[in-house]
Amino acid sequence: MADSLNTPDVPAPAAPHAPGVSIRHTRAKGEPRFPDGPKADPAGSHFERRIRSFQPRRSRVTAGQADALQRLWPVWGLDIDGQRVIDLRELFGNDRPVVLEIGFGMGEATAQMAAGDPDTNVLAVDVHTPGQGNLLGLADRDGLKNVRVGNGDAIILLREMLAPDSLDGLRVYFPDPWPKKRHHKRRLIQPEFLTLAATRLKPGALLHCATDWEPYAEQMLDVLSAHPDFENTQADGGYAPRPEFRPLTRFEGQGLDKGHVVNDLLFRRVSHP
């Protein structure tokens, strides 16, 4: 029998967490949620407060997602702090084309598209921590070296951290429709956003939007059609068929089963004389 007065108590090793089981960890005040992972507010108060098109969602992070965040964020993660212009070639380790995806949810479609086009780099940005961890885990599982995950405000990324003409494409799939009229000002696809995005897109780059909210689709079509830096790839000036490279997600399929209409918009960045 051990002498409890002279032998220090050794804590028993923690039991491994099963995949899909949420981690509940009591953190001290001020302790970061993931010490080696994404920051809670990477840009802090360095930039003006403005009406934002996104609302951070708080939900539980599973053990697998937490593990991916801890292991892979230092390698494949990018905190959008707005403090520097990033070198995309350095970020990805090559000079292949780069597509920016704003809002990727849980990342299943992003991972599928990255796997289907390994010669294109994907910089995927979101503020949903479980989704960030899930996408990192999918990229690790599938051996995807062409995915980087950004954490924070995509507007700050575009305006402060990306060089002009540095992007070969931009994807905005199923952004928050902000259905109430008083919230329409929060929608991402607005003339000001398009003007900013156009400065970072190379001439000929594709802007691809998709939404299952028909009034938002109509607004997108109107705003994009009126913008001088973009032209519709559809000869009739309308919506585009879903391209094969954009996978049909499980949630999209459920919506279609309920009668929802999904509209894709494919516009190209024009080159001015």
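Reader: Between which two elements does the loop that holds D165 lie?
Author: In this predicted model, D165 has a phi near 55°, a positive value in a residue other than glycine. Its relative accessible area is 39%, so D165 counts as partly exposed. The loop that holds D165 lies between α5 and β5.

Reader: F174 also has a positive phi; in which loop is its place?
Author: The phi of F174 is near 55°, again in a residue other than glycine. With a relative accessible area of 28%, F174 is partly exposed, and it is among the residues that lie nearest the centre of the largest pocket. The place of F174 is in the loop between β5 and α6 (191-200).

Reader: Which element gives the most residues to the lining of that largest pocket?
Author: The largest pocket holds about 1200 Å³ of space, and 45 residues line it, with G103, F104, G105, Y173 and F174 nearest its centre. The elements that give two or more residues to this lining are β2, α3, β3, α5, β5 and α8 (250-257). The most, six residues, comes from α8.

Reader: Strand β2 is on that list; how many of its residues are buried?
Author: In β2, V98, L100 and I102 lie on one side and V99 and E101 on the other, and both faces are covered. This arrangement can be read against a general rule, namely that side chains in a regular strand alternate between the two faces of the sheet. Strand β2 (residues 98-102) is largely enclosed by the rest of the structure, because the buried residues number five of five.

Reader: Which residue of β5 does E101 stand opposite?
Author: E101 is a buried residue of β2. The strands β2 and β5 (residues 167-173) pair in the parallel sense over three bridges. Within β5, the residue that stands opposite E101 is R171.

Reader: What is the handedness of the crossover that takes the chain from β2 to β3?
Author: Strands β2 and β3 (residues 121-126) run parallel and are joined by five bridges, with V98 having N121 as its bridge partner in β3. Between the two strands the chain passes through helix α3 (residues 108-116). This β-α-β crossover is right-handed.

Reader: Which helix gives the largest share of the largest nonpolar core?
Author: The largest nonpolar core has 39 residues, and those that touch the most other members are L100, I102, L123, L157, L170, I189 and F193. In soluble globular proteins, nonpolar side chains tend to be buried together. The largest share of this core is six residues, and the helix that gives it is α5 (residues 154-161).

Reader: Leaving out residues up to four places away in sequence, which residues does F193 touch?
Author: F193 is one of the residues that touch the most other members of the largest nonpolar core. When residues up to four places away in sequence are not counted, F193 touches I102, I155, L158, L170 and L188.

Reader: How many residues are in the second, separate core?
Author: This core stands apart from the largest one and includes L72, A114, L136 and L144. The number of residues in the second core is 20.

Reader: Turning to β8, which residue is the bridge partner of E231 there?
Author: Strand β8 (residues 263-269) is mostly covered, with six of its seven residues buried. Six bridges join it to β6 (residues 201-211) in an antiparallel arrangement, where T211 stands opposite N263. Strand β7 (residues 230-232) also runs antiparallel to β8, over three bridges, and the partner of E231 in β8 is R268.

Reader: Is D264 buried or exposed?
Author: D264 lies in strand β8, and its contacts beyond four places in sequence are H208, C209, A210, Y239, A240, P241, R242, P243 and R246. Its C-alpha atom is separated by 9.8 Å from that of F174, 90 residues apart along the chain. At 2% relative accessibility, against a cut-off of under 20%, D264 counts as buried.

Reader: Is D222 buried or exposed?
Author: The place of D222 is in helix α7 (residues 214-226), and its C-alpha atom is separated by 9.8 Å from that of G238, 16 residues apart along the chain. The relative accessible area of D222 is 53%, and since the cut-off is over 50%, D222 is exposed.

Methods:
Residues numbered from 1 in each chain as written. Predicted model: local features only at pLDDT ≥ 70, side-chain atom pairs only at ≥ 80, totals over all residues. Heavy atoms only, no water. Core = buried A, V, L, I, M, F, W, Y, C linked by side-chain atoms within 4.5 Å. Buried < 20%, exposed > 50% of the residue type's maximum accessible area, 1.4 Å probe, protein only. Helix = DSSP H or I, 4+ residues; strand = E, 2+ residues; numbered from the N terminus. Contact = heavy atoms within 4.5 Å. Pairing = 2+ DSSP bridges. Right-handed = clockwise from strand over helix to strand, strands pointing away. 1 Å grid on protein atoms, 1.4 Å probe; cavity = no way out; pocket = protein on both sides within 12 Å on 5 of 7 lines; lining within 4 Å. Points joined across faces, edges and corners; volume = space filled by probe spheres on them.
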